[in-house]
Amino acid sequence: MHSTNHKISEKKSDGCNHQEHKKWSRRSFLQTLGIASGGSVALAHSAIAASSPTALTVAMDQVESDRVLVIVRLKGGNDGLNTIIPINQYDTYANARPGIKIPENQIFNLNDSYGMPTYANKFEKMWGDGQMKVIHGVGYNNTNLSHFASSDIWATADTKPNRRGWLGRYFEDLYPDYLLNPPTKPAAVQIGSMGNRIFTGDDTHFGFSVADPKRLFTIAQTGSQYGLQGLPDSKYGEQLKFLRATANATVEYAGVIHKAYEASSDYGEYPMNNKLSDQLSIVSRLIKGNLGTKVYMVTLSGYDTHSKQLLKHEGLTTALSDAIAFFFEDLKNAGWDDKVMAMTISEFGRRVNENGSKGTDHGTAAPVMLFGKALNGNGFIGEHPSLNDLDSSGNVLINTDFRQVYASIMKDWIGVDEDLVNQVLLGEEYNSLDLGFDTNTNVAAKTRRAIEVGFEHTIVYTENQPHIHITTPQSAHMDISLYDMSGRKVTTLKNEFLLEGKHIINIKKASNYTLSEGFYAYQIKTNSKNYSKSVMIY
């Protein structure tokens, strides 16, 4: 699948302030692609993005299962050694961290070899109830110690620059007509962080995302997204109003979320002054209200503990354990605890030795924690890195590739077909870890989807003219139409038999219609499938 080459014109439009138009076309263009199907929308500083399913989430949606995955992002780089403490290497651990070690009398044992700080005592019960597992030493070789770069690597499952997330990859192959045939519910819901790329596709974001959980709370209660009053009296204002109105009319996710939210109720009082609780309490109501979304992501920030780590990390770990434990109590009360699995991720771990500021610097491997009744017991997976075998920078070595964790969860928890998992993970095959799930190979088989090999289509802007580039592996009849962003058909661009090979269609010339400046979508109908993609006319 090719990336779209966008080249934006800076020419003035009649009645439009040049700076407004420049701001609109450059800053807002990629954010508003795909709006007819619920694509990324981040207008007028609104912190909302809604969109269509990814390849993986479409496959998940087809699985005849009500299993849910909740990804808990520990933003900043969680210190794994002060989270899961290696009791069997305690002397080495304590010598490396004289000022920030967890004293032995403040550790509860998970087993004879590993423990956790007593302030994470809610996890002690979850472990005892068989609802928690830990995967040791998770990361990737040659760890990039930049927060941004490493976060992108974890999100895209690619150590090379890649703007598409591991849950956003290949969506055009698996759901090629997503733009004009949107799903009835969000395929993913993301709270607390807009910048992560996990749900990002080729030219849009594929989760219903909210940076502030209070904003999602408001959406869930009111079922509305955007106001149409008080917009600028200009061309930019007209475009903004049109896109907001289109979003309100065609992207009904806020209404769907509102319906699910109202169909459930709160379970007691979630831990107070806990940002993760605020997010998980909303996730719980959406799950219990049968929203049908299979993937959620929440975020707990503050893990970049370069200084005064003891107090900071204690607060974060306490918040994490309190929120997760109450979340699963809530789900248990509603009969959902066996259908939901939570997983922590963080961009990297921390250095073994403390620094001069009573903190730790960026490191490599860290544990991934899993939670849920479906784990069928507690336990450790993989080998904990040796604290006496460090790399040249003083970091522990990687023992488990994070993509193996992703592969295991996709195949064995959600039930995604192995071939699709390999595609999502860029053609690499990863053996499943034994996470304890009850798997069903028949469920996995039901996620299979026929993929037309060799057919490609993309938009290329040449001299400010948008062209559709089509490559077809065999001759076929194609009906290619242009739609406005309200879903109304504008014109037919081509309706004829196309021979095998490459074809280029100049949209403006082929339309035989005077096209107003703005956003459109084209649809290609073939004998076997429909394809669609967004395009800007300017």
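Which residues does Asp322 touch, leaving aside residues up to four places away in sequence? Asp322 touches three: Lys122, Pro271 and Asn274. Before going further, keep in mind that what you are looking at is a predicted model. With that said, Asp322 is a handy place to start the tour. You'll find Asp322 in helix 12, and its relative accessibility is 19%. The cut-off for buried is under 20%, so Asp322 counts as buried. One of its neighbours deserves another look: the side chains of Asp322 and Lys122 are joined by a polar contact of 3.4 Å.

Now stay with helix 12, because that helix, residues 309–333, gives the most to the largest nonpolar core, with nine residues. That core has 46 residues, and the ones with the most contacts inside it are Val70, Phe123, Leu320 and Phe327. Take Phe123 as a guide to the neighbourhood. Setting aside residues up to four places away in sequence, Phe123 touches Phe108, Met116, Met132, Leu320, Ser321, Ile324 and Phe371. There is also a second core, separate from this one, with 36 residues; among them are Ile135, Met343, Ala407 and Phe437.

Just ahead of helix 12, have a look at Lys308. Lys308 sits in the loop between strand 9 (295–301) and helix 12. Its phi is positive, about 45 degrees, although Lys308 is not a glycine. Is Lys308 buried or exposed? With a relative accessibility of 63%, Lys308 counts as exposed.

Next, the aromatic rings. A pair of aromatic rings is described by the distance of the centres and the angle of the planes. Across the whole structure, a search turns up 13 aromatic pairs. One of them is formed by Tyr114 and Phe380, a tilted pair with 4.9 Å from centre to centre and 50 degrees between the planes. Tyr114 lies in strand 5 (residues 114–117) and Phe380 lies in strand 12 (residues 379–381), so this pair ties together parts that are 266 residues apart in sequence. Tyr114 counts as buried, at 10% relative accessibility, while Phe380 is partly exposed, with a relative accessible area of 22%.

Phe380 also pairs with Trp127: the ring centres are 4.9 Å apart and the planes stand at 45 degrees, so this pair is tilted. Here, too, distant parts of the chain are linked, as Trp127 is in helix 5 (residues 121–128) and Phe380 in strand 12, 253 residues apart. Trp127 counts as buried, with 7% relative accessibility. Elsewhere on the aromatic list, Tyr140, Trp154, Phe402 and Tyr406 form one aromatic cluster.

From rings, let's move on to strands. Strands of a sheet pair through backbone hydrogen bonds, either parallel or antiparallel. In what order do the three strands of the open sheet come? The order is 14-15-18, and the pairing is antiparallel. Strand 14 (456–462) and strand 18 (501–506) are the edge strands, each pairing on one side only. From one strand to the next, the twist averages 25 degrees. Strand 14 and strand 15 (residues 465–472) are joined by seven bridges and run antiparallel. To see one of these partnerships up close, find Glu456, whose bridge partner in strand 15 is Thr471.

In the loop between strand 14 and strand 15 you'll come across Glu463. Glu463 has a positive phi, near 50 degrees, and is a residue other than glycine. Glu463 counts as exposed, at 69% relative accessibility.

The last stop is strand 19, residues 518–525. How many of its eight residues are buried? Seven are, which leaves strand 19 mostly covered. Strand 19 pairs with strand 16 (residues 476–484) in the antiparallel sense over six bridges. Strand 19 is also joined to strand 20 (residues 530–537), by eight bridges, and these two run antiparallel. Tyr520 in strand 19 lets you see both partnerships: Asp484 stands opposite Tyr520, and in strand 20 the bridge partner of Tyr520 is Val535.

Key: Residues are numbered from 1 along each chain as its sequence is written. This is a predicted model: local features need pLDDT of at least 70, side-chain atom pairs count only at pLDDT 80 or more; totals for chains, interfaces and linings use all residues. Side-chain values use heavy atoms; hydrogens and water are left out. Two strands pair if DSSP finds at least two bridges between them. Helices (H or I, at least four residues) and strands (E, at least two) are DSSP runs, numbered from the N terminus. Axes are lines fitted to C-alpha atoms, for helices over the stretch in contact, and angles run from 0 to 180 degrees between N-to-C directions. A nonpolar core is a set of buried Ala, Val, Leu, Ile, Met, Phe, Trp, Tyr and Cys residues joined through side-chain atoms within 4.5 Å. Buried means under 20% relative accessible area, exposed over 50%, partly exposed in between (1.4 Å probe, protein chains only). Contact means heavy atoms within 4.5 Å. A polar contact is a pair of N or O atoms within 3.5 Å; within protein, one must be able to donate a hydrogen and the other to accept it, and residues adjacent in sequence count only if both atoms are side-chain atoms. Rings of Phe, Tyr and Trp (its six-membered ring) pair if their centres lie within 6.5 Å; planes under 30 degrees apart count as stacked, over 60 as edge-to-face and the rest as tilted.
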